[in-house]
Amino acid sequence: KIDKSGMIEAIKNMPEHFEEAKRLTEEFMKGIRIRNILNVVITGLGGSAIGGDLVRMFIAPKATIPVIVNRDYFLPAFADQNTLVIVSSYSGNTEETLSAYDDARLKGSRLIAITTGGKLKEKALEDGIPVLTIPPGLSPRAALGYSFIPLLIIIERLGIIPGGVSREIEDAIKIMKEARERFSPEVPEAENPAKGLARQFHKKLPIIYGSSGTTEIIAMRWKGQINENSKAPAYFNIFPELNHNEIVGWDGPKEILKGFQVVILRDEGDYERVQKRIEITREIINDKGGEVLEVWSEGGTCLARMFYLIMLGDFASVYLAALYKKDPTPVNLIDLLKKRLS
Ligand code: PA5
């Protein structure tokens with residue numbers, strides 16, 4: 001009842017967003033000729049940047065040139081005419097992203113824009129920059145399919161990774177279709193892992209731990225979705241780095257620590273030494289009186305496992321919003337901040 005603007009529907013439709021985004025991008029790429037690229041910078045913020053991070057993580061083991069994500073007003077100094085800058089903004093009106101677009105123009109970089117419209121589309125059309133126009137009407141974070149799939153296909157078509165992502169995309173679509181049945185509002189809490197997670201997070205501070213190269217960006221996504229959809233604070237960190245700093249915090253005051261709910265995202269692709277670190281860390285946190293849950297990814301291919309966990313976190317964030325009696329869609333504090341900046 002509280003989900004007035006249909007966030008659950010948008011999350012449920014992620015598999016169809018994948019299909020439509022694939023079709024749109026394949027069509028778009030027919031008109032694109034880009035050669036002699038030495039590196040790629042994906043620039044954007046929030047919901048429009050995380051698709052870039054997921055692509056960066058997914059392609060890292062096979063990418064032949066550096067691909068980075070930039071979340072700033074300006075591009076890194078190395079960006080030049082051999083850089084492909086992919087500017088991603090769902091609204092097309094994000095201040096930092098528009099500034100990074102201008103910086104790319106100044107540096108003479110090659111450009112592609114992905115947006116629903118706004119000033120970004122206006123500028124790009126004026127400058128003769130190719131625009132991949134994606135469907136409007138969603139929250140940027142609910143449009144993940146439209147930020148992730150185009151980036152992945154563009155990178156594959158430019159030969160930055162060896163050909164053939166279609167099977168992985170099909171597998172991810174299949175697992176997401178299964179996941180949405182299991183996590184849907186009609187499934188009662190006792191049988192619904194997403195509702196179960198929301199209950200565990202309720203009135204606690206969620207701390208999500210992922211692992212480098214497998215679940216790190218998914219942990220970031222869960223944190224962001226809890227912040228924006230549930231209107232609640234949440235934090236994330238990454239193995240093995242957190243074993244070199246954050247773990248020491250568990251020696252802290254018990255009255256603070258008992259307010260935390262840790263979730264460790266686990267994946268069969270985690271490096272064996274990282275798996276060992278996870279198990280020891282869990283024991284240490286438990287010994288200190290902390291609450292730890294483990295959530296394993298499901299699905300065959302790497303992409304399917306990633307998007308299974310993303311669906312789970314997305315659904316859980318909306319159920320947590322319901323427990324806090326919040327509408328998941330509006331982001332009033334982002335709007336307030338933008339108003340004060342203007
Ligand atoms: O999900 C959201 O609403 C935000 O994180 C936005 O993505 C962020 O503010 C950037 O806006 P846009 O995606 O329109 O560039």
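Leaving aside its neighbours within four places in sequence, with which residues is Met 311 in contact? In this predicted model, the contacts of Met 311 outside that window are Met 14, Met 176, Ala 179, Arg 180 and Phe 183. Met 311 also belongs to the largest nonpolar core, which has 99 residues; Met 311, Ile 86, Phe 307 and Leu 312 are those with the most contacts inside it. Helix α12 (residues 302-323) gives the most to this core, contributing 15 residues. At least three core residues come from each of domain 1 (7-164) and domain 2 (185-323). In soluble globular proteins, nonpolar side chains tend to be buried together.

An open sheet is formed by four strands in the order β7-β6-β8-β9, with parallel pairing. The edges are occupied by β7 (235-239) and β9 (291-296); each has a single partner strand, so one side of each is left without a neighbour in the sheet. From one strand to the next, the twist averages 25°. Five bridges join β6 (residues 205-211) to β7 in the parallel sense, and Tyr 209 stands opposite Asn 237 in β7.

Two helices are placed against these strands. Helix α9 (residues 216-230) packs on the sheet and touches β6, β7 and β8 (260-266), with its direction at about 160° to that of β6. Helix α11 (residues 272-287) lies across β6, β7, β8 and β9 and runs at about 165° to β8.

Lys 339 is located in helix α13 (residues 332-341). Lys 339 counts as exposed because it has 8 C-beta neighbours inside 10 Å, the cut-off being 12 or fewer. Lys 339 and Ile 134 are separated by 205 residues in sequence and, C-alpha to C-alpha, by 26 Å in space.

Methods
Residues are numbered from 1 along each chain as its sequence is written. This is a predicted model: local features need pLDDT of at least 70, side-chain atom pairs count only at pLDDT 80 or more; totals for chains, interfaces and linings use all residues. A residue is buried if 20 or more other C-beta atoms lie within 10 Å of its own, exposed if 12 or fewer, and partly exposed in between; C-beta atoms are placed from the backbone. A nonpolar core is a set of buried Ala, Val, Leu, Ile, Met, Phe, Trp, Tyr and Cys residues joined through C-beta atoms within 7 Å. Domain bounds come from an automatic or database domain assignment. Two residues are in contact if their C-beta atoms, placed from the backbone, lie within 7 Å. Two strands pair if DSSP finds at least two bridges between them. Axes are lines fitted to C-alpha atoms, for helices over the stretch in contact, and angles run from 0 to 180 degrees between N-to-C directions.
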